[in-house]
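This report describes one protein chain for a reader who has not met it before. It starts with a pair of helices and then turns to the cores and the chain overall.

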Amino acid sequence: MKFKQFLTEEIFDLKRKYVHFNKLLFNDELPDINLRYGISKRIGGSAKAIAMKKKSNSITRYNPNAGVESIKPTEIMISTFWDLDEDSFNGIFVHEMIHIYLYSKGIAYTSGNDRGHGTEFIQKLKELQKKVSFTIPETEVMDVRMSQDLQQKMFDIVLVDKPGWIGVVVFNGGYFDKGLDEVKQYYERVNAYTKHNELLLVRSDHPSLLQYRINRKMKRQMASQEMDKKIFDEIKKNGSIILTIAS
Ligand SMILES: [Zn+2]
């Protein structure tokens, strides 16, 4: 089965950024890790590590309350949900690199803050802030932008154009963050039965979407609601196409 995947705003070369800031700010001490784009409307990015807990060899995701034997940084994810300019992007990226730096120094749990933004984090942030012109944020939670965004509500939708029917299936914005694979598999099956003219997974804030019933999750059978062809085309033109299943 053929499909195309479009990462919405993959503007910056993550590997190049990482190499650049590793040299500029971290004395080339940070290890090679996985770098990827993701979609999150809550946070601008995240940093992951794998921790080995004391008294057992079981590998678990980083848990600040567990007795940590050793910790291995593994990944930085940067959200493509936000339309970041280069300064904001660099700020978030270096913020995540500070997490990686602390993990690599064996600091799984910063003092006084269970989200990793405690004393050791702030100390490093202040040191690096003197060396760069952009602002390194103290948290990756996107509160301010979020409140602006809510006035223009974002939806994750499936645009359905099949013989004799144009419709839409609406989910809350962010649903594709976790549900993309399930949605994709369902509609690939559907398209195998009925060849669609177009079947697109799109993130859109088009105001006409406010009128539709919102699905909280995938069901065994998904019914699309009828949509005007003109609106359909507007959304296709202005929204972010996340996945094309048929075109
Ligand atoms: Zn952070």
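In this predicted model, helices H1 and H2 cross with a right-handed sense. H1 spans residues 14–26 and H2 spans residues 86–104; their axes come within 11 Å and cross at roughly 65 degrees. Angles of 65 to 115 degrees count as roughly perpendicular, so H1 is roughly perpendicular to H2.

On the H1 side, the residues that meet H2 are Lys-17, Phe-21, Leu-25 and Phe-26, and their counterparts in H2 are Phe-93, Val-94, Met-97 and Tyr-101. By class, this contact has seven nonpolar residues, one charged residue and no polar ones.

Phe-93 also appears among the contacts of Gly-45, a residue of strand E3, which covers 45–53. Is Gly-45 buried or exposed? Gly-45 counts as buried because 24 C-beta neighbours lie inside 10 Å, and 20 or more are required for that class. Leaving out residues up to four places away in sequence, Gly-45 touches Ile-76, Met-77, Ile-78, Ser-79, Ile-92, Phe-93, Glu-96 and Glu-140. The C-alpha atoms of Gly-45 and His-95 are 8.8 Å apart, although 50 residues separate the two in sequence.

The largest nonpolar core has 25 residues, and those touching the most other members are Ile-157, Val-158, Leu-159, Val-168, Val-170, Leu-201 and Val-202. The table lists the elements that give two or more residues to this core.

| Element | Type | Residues |
|---|---|---|
| E6 | strand | 155–162 |
| E7 | strand | 165–172 |
| H5 | helix | 175–193 |
| E8 | strand | 198–204 |
| H6 | helix | 229–238 |
| E11 | strand | 240–246 |

The element that gives the most is E6, with five residues. Leu-159 illustrates the contacts made here: beyond its neighbours within four places in sequence, Leu-159 is in contact with Val-168, Glu-198, Leu-200, Val-202, Phe-232, Ile-235 and Lys-236. There is also a second, separate core, made up of 22 residues, including Leu-30, Ile-33, Ala-47 and Phe-89. In soluble globular proteins, nonpolar side chains tend to be buried together.

Some totals describe the chain overall. How many helices and strands does the secondary structure comprise? There are six helices and 11 strands. The chain has 247 residues, and 30% of them are buried. Of the contacts between residues at least 6 apart in sequence, 71% join residues at least 24 apart.

Conventions: Residues numbered from 1 in each chain as written. Predicted model: local features only at pLDDT ≥ 70, side-chain atom pairs only at ≥ 80, totals over all residues. Axes fitted to C-alpha atoms, helices over the stretch in contact; angles between N-to-C directions. Helix = DSSP H or I, 4+ residues; strand = E, 2+ residues; numbered from the N terminus. Parallel < 35°, antiparallel > 145°, perpendicular 65-115°, else oblique. Left-handed = near helix turned anticlockwise from the far one by under 90°. Contact = placed C-beta atoms within 7 Å. Nonpolar A, V, L, I, M, F, W, Y, C, P; charged D, E, K, R; others polar. Buried ≥ 20, exposed ≤ 12 C-beta atoms within 10 Å, placed from the backbone. Core = buried A, V, L, I, M, F, W, Y, C linked by C-beta atoms within 7 Å.
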